[in-house]
Amino acid sequence: MKKLSASLCLFVFMLMIGNCVRAQQVAAAGNYYNSFDGAKIYYEVKGDGFPVILVHGFSGTGEGWKKGQLYNDLLTAGYKVIILDQRGNGRSDKPHTDAGYANDAEAKDIMGLATSLALKQYDIVGYSRGSIITSRVFVLDKRVQKAVMGGMGDAYTNPEWPRRIHAYKALMGDTSFHDVDGMIKYIRSNPFDELALAYQQKWQPSTSKQELAKVKIPVLLIDGTEDHDNGDEVALNKLIPGSKLVHVPGDHNSASRTAEFSKAVLDFLK
C-alpha cells in the first residue's frame, strides 16, 4: 500500500511538472486576441515597465525584432515590450478580402491590442512599412506618448505612391513593373501568402501632410546612411512639427538591427 501511495505521489508530481512546462511553452509562444473584425492577431508581451509596441515591416513578423539589438535593450532598460504579427503575416490571420485590409485595419489591430492589454498610454516604434502603420496609429490614438519611425521618408504621404501600386500589381501577376523586381523575387523565394501581401499593398494607408502638420507628440525619424528607400526623410522631418531626425549606419535592410539604432530609440524614449 505504501509502495502504491509513493507511485501515486510520483505520478501526480510528474503531472504537475508537465502542466507547468506546457504553461511555460504557451506563455513563450505568445497569445492571440480577436480584432475588430474577428481576425486573430498573434502577439507577445515581455517585461513590466512602460509599454512599447514594436511594429514590423512588409512581409515580416514580430519575431524579426529579436534579431536586432533594440528588443533586448528595451527589456534591459525596464520597458514592457510588445510585438505582434500584423494581419497577413506570420501567425496572425491572413484575410483574402479588401475589407480585411482597408480603412486602417492594421492600425485598428494595434489600437485594439493596446485596449485588450489595458494600456492607458504607450510608445510605438515602427520600421519600414511598420512606420507607415505607426503613423496611422499615432494620428488616430491619443494614448500614444512617443513614436519612432524608422526607414521611412515622405513617399508614403502620397496615396498614389507608384511603388505601392507597382508592388500590388506585380504581386497580382503583372510583369510590367521592374522597379519592384527585387521585392517580388524575395517574396517568391519564401513561403509567404502572396495574396495577403498583395492586399496589404493595395490598401496600404497614407497619412496626409495636413494630418502630419497637426501631430503634437514627440516623433523620432531614424534612417540608415545608405538607405535610399521610401522617399526623403528630411522632407518628412519638415512635415512633422518638432520631429527629430537621426541617421545611423546601414542600408534599409540592416539599419534597424544596429546598436546605433537601438541607442537612438532608447535616448528618445527616456
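**Exercise 1. Find the charge partner of Asp 123**

Task: In this predicted model, which side chain of opposite charge is nearest to buried Asp 123, and how far away is it?

Solution:
- Start with the location. Asp 123 is found in strand S5.
- Look for the opposite charge. The nearest such side chain is Lys 146, 6.1 Å away.
- Apply the cut-off. A salt bridge needs the nitrogen within 4 Å of a carboxyl oxygen. Asp 123 is therefore buried without a salt bridge.
- Check the backbone. The side chain of Asp 123 reaches the backbone nitrogen of Lys 146 at 3.0 Å.
- List the surroundings. Leaving aside residues up to four places away in sequence, Asp 123 touches Phe 50, Pro 51, Val 52, Ile 53, Gln 145, Lys 146 and Leu 269.

**Exercise 2. Place S5 in the sheet**

Task: What is the strand order of the open sheet, and which strands stand at its edges?

Solution:
- Read the order. The 8 strands run S1-S2-S4-S3-S5-S6-S7-S8, with mixed pairing.
- Find the edges. S1 and S8 each have a single partner strand, so one side of each lacks a neighbour in the sheet.
- Add the twist. It averages 25° from one strand to the next.
- Zoom in on S5. It pairs with S6 in the parallel sense over 5 bridges. Val 125 stands opposite Val 148 in S6.
- Add a helix. H10 packs on the sheet and touches S3, S5, S6, S7 and S8. Its direction makes about 170° with that of S7.
- Name the packing residues. The buried residues of H10 are Phe 261, Ser 262, Ala 264, Val 265, Leu 266, Phe 268 and Leu 269. Helix H2 is among the elements they pack against.

**Exercise 3. Compare three salt bridges**

Task: Arg 87–Asp 109, Asp 104–Arg 136 and Asp 267–Lys 270 are salt bridges. Are their residues buried or exposed?

Solution:
- Take Arg 87 and Asp 109. Their closest N and O atoms are 2.6 Å apart. Arg 87 lies in the loop between S4 and H3 and Asp 109 in H3, so the pair ties together parts 22 residues apart in sequence. Arg 87 is buried at 0% relative accessible area, and Asp 109 is buried at 2%.
- Take Asp 104 and Arg 136. They meet at 3.0 Å, N to O. The pair links the loop between S4 and H3 to helix H4, 32 residues apart. Asp 104 counts as buried at 19%, as does Arg 136 at 7%.
- Take Asp 267 and Lys 270. The closest N and O atoms are 3.5 Å apart. Asp 267 is partly exposed at 37%, and Lys 270 is exposed at 72%.

Conventions
Residues are numbered from 1 along each chain as its sequence is written. This is a predicted model: local features need pLDDT of at least 70, side-chain atom pairs count only at pLDDT 80 or more; totals for chains, interfaces and linings use all residues. Side-chain values use heavy atoms; hydrogens and water are left out. Buried means under 20% relative accessible area, exposed over 50%, partly exposed in between (1.4 Å probe, protein chains only). Helices (H or I, at least four residues) and strands (E, at least two) are DSSP runs, numbered from the N terminus. Contact means heavy atoms within 4.5 Å. Lys and Arg count as positive and Asp and Glu as negative; His and the chain ends are not counted. A polar contact is a pair of N or O atoms within 3.5 Å; within protein, one must be able to donate a hydrogen and the other to accept it, and residues adjacent in sequence count only if both atoms are side-chain atoms. Two strands pair if DSSP finds at least two bridges between them. Axes are lines fitted to C-alpha atoms, for helices over the stretch in contact, and angles run from 0 to 180 degrees between N-to-C directions.
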